[in-house]
Amino acid sequence: MDMELPVVNATAAVLSRFTAAFNASLARAVIFGVHIDGHLVVEGLLIAVIVFQLSRKSYKPPKKPLSEKEIDELCDEWEPEPLCPPVKQGTRIDTPVLESAAGPHTTIDGTEVVNFASANYLGLIGNEKILDSCVGSLEKYGVGSCGPRGFYGTIDVHLNCESKIATFLGTPDSILYSYGISTIFSVIPAFCKKGDIIVADEGVHWAVQNGLHLSRSTVVYFKHNDMASLASNLEKLTHGNRRTEKIRRYIVVESIYQNSGRIAPLDEIVKLKEKYRFRIILEESHSFGVLGKSGRGLAEHYGVPIDKIDIITAGMGNALATDGGFCTGSVRVVDHQRLSSTGYVFSASLPPYLASAEVSAVNHLEENPSVLAKRRSNIALLHKELSDTPGLEISSHVLSPIVFLKLKKSTGSLTTDLDLLQTVAERVLKEDSVFIVASNRSNLDRCKLPVGIRLFVSAGHNKTDISRACLSLKRVSASVLSDYT
């Protein structure tokens, strides 16, 4: 305040010099019946300057440094917040531990169990040709690549694998990622930036949600697998809005939704995409090697030309029984990721033996299309046997390898629903040696769809496996869910 007074006084002195000039020109001015003198103008300006000066932050001299004693006292009083929230009472964090390969049959706690918890859709775990290709690759290249693709981590087998995937799907090019789940949440931010618009299904799984968050784009969710809701949102965003015509716009969906087992109607989505001029990003982790006459995914299933889909991503830890992921599309789409996708640029490249395994897995699928018919037959049988399960109903598509059962009557609490489903899964494993899983979600997962029990159906399962799982699930559900039928 002491420094502000001289400034105010000086300002007043300067402004007073102009009063005479203003008085001469404004002496006879009348505005809305009010006589305006020059001094009123000067006083108004002076008041504005004073208010401005008073509203400024006052100068504060630096505080006296704390003594060592004061620092010690503050440190003693400080209580840091926990790195993670406390585990709630009753929360289950223990999971069964496999003691053998995650094939149609596996070992848990020394007991052989029927495995419906692993997404081994084509039953390729343990396939001899794939194992032989891995052994040969290990002998030639070793275990890892020891570098990102752009820094001495590219090996000829990576290029062979990318070429194989592109040829199999009928796209110009493809790009490999080191980890399946990181593929989609690296691809989305590589193309979608702040200011762009993304219209996404509300049922997308966590990896897609993470990609949407990292993109910093404007995200609008439509009702799960509801094309009327999608069309309504696209219309609202584009009708009469010239701004949206000048920015990038995307539709993000999964081919088979991990959180429901439902299949996206790609033919309708493509029509809406073309009508409203959006691009499509399609996540195919659970449909690649599964849907279509030859396992080429959702586009083949609906008979949609592959070039109608702008970007396709998929993890290879499901149907191909390996690991890693890929993105495929035009040459321009692929090349852009080699410098702009974090999961590709900064991660050590895919271990060479896994790339070899993927090539062998695709070759096996091309040479043995009968595995697709076997898996479809198993899914149909499972649907038939579980159609009258007490307290549970199937909500997944009849062709989905994820058979999803949700409660017929929810308790109204997500936590209680999940607890009931986990109890069912635990008893089925303990009493009948059938390994199934509830659709548990992390605290970061924003999906609002109902939880349920997921059974991953493999071409490696036989009728006895399916019958055993169905009988056990019906018996246990009748006991646990007697009040929710």
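Residues are classed by relative accessible area: buried means under 20%, exposed over 50%, and partly exposed in between (1.4 Å probe, protein chains only). At 81% relative accessibility, Tyr 152 therefore counts as exposed. The structure is a predicted model, in which local features need pLDDT of at least 70 and side-chain atom pairs count only at pLDDT 80 or more, while totals for chains, interfaces and linings use all residues. Residues are numbered from 1 along each chain as its sequence is written, and side-chain values use heavy atoms, with hydrogens and water left out.

Tyr 152 is found in helix H6 (residues 149-153); helices (H or I, at least four residues) and strands (E, at least two) are DSSP runs, numbered from the N terminus. Phi of Tyr 152 is near 65°, a positive value in a residue other than glycine. Most residues other than glycine have a negative phi. A positive phi of about 55° also occurs at Ala 321, which is not a glycine. Ala 321 is placed in the loop between S10 and strand S11 (325-329) and is partly exposed, with a relative accessible area of 25%.

A search of the whole structure finds 10 salt bridges, each defined as a side-chain nitrogen of Lys or Arg within 4 Å of a carboxyl oxygen of Asp or Glu. In general, side chains of opposite charge can pair when their charged atoms come close. One salt bridge joins the side chains of Glu 162 and Arg 338 (3.6 Å, N to O). This pair links distant parts of the chain, with Glu 162 in helix H7 (residues 156-169) and Arg 338 in helix H13 (residues 331-340), 176 residues apart. Glu 162 is buried, at a relative accessible area of 3%, whereas Arg 338 is partly exposed, at 24%.

Helix H7 also contributes Lys 164, whose side chain meets that of Glu 366 in a salt bridge (2.9 Å, N to O). Here too distant parts of the chain are linked, since Glu 366 lies in helix H15 and Lys 164 in helix H7, 202 residues apart. Glu 366 counts as partly exposed, at 37% relative accessibility. Another salt bridge is formed by the side chains of Lys 308 and Glu 274 (2.8 Å, N to O). Lys 308 lies in the loop between helix H12 (298-302) and strand S10 (311-315) and Glu 274 in helix H11 (residues 266-276), so the pair ties together parts 34 residues apart in sequence. Lys 308 is partly exposed at 30%, and Glu 274 is partly exposed at 42%. In addition, Arg 427, Glu 431, Asp 432 and Arg 475 are linked in a network of salt bridges.

Helix H15 (residues 352-367) also contains Ala 355, which counts as buried at 0% relative accessibility. Not counting residues up to four places away in sequence, Ala 355 touches Val 157, His 158, Cys 161 and Leu 350, where contact means heavy atoms within 4.5 Å. Ala 355 and Leu 159 are 196 residues apart in sequence and 9.1 Å apart in space, C-alpha to C-alpha.

Ser 439 is placed in the loop between strand S15 (437-438) and strand S16 (452-456) and is buried, with a relative accessible area of 1%. Leaving aside neighbours within four places in sequence, the contacts of Ser 439 are Phe 404, Leu 418, Val 451, Gly 452 and Arg 454.
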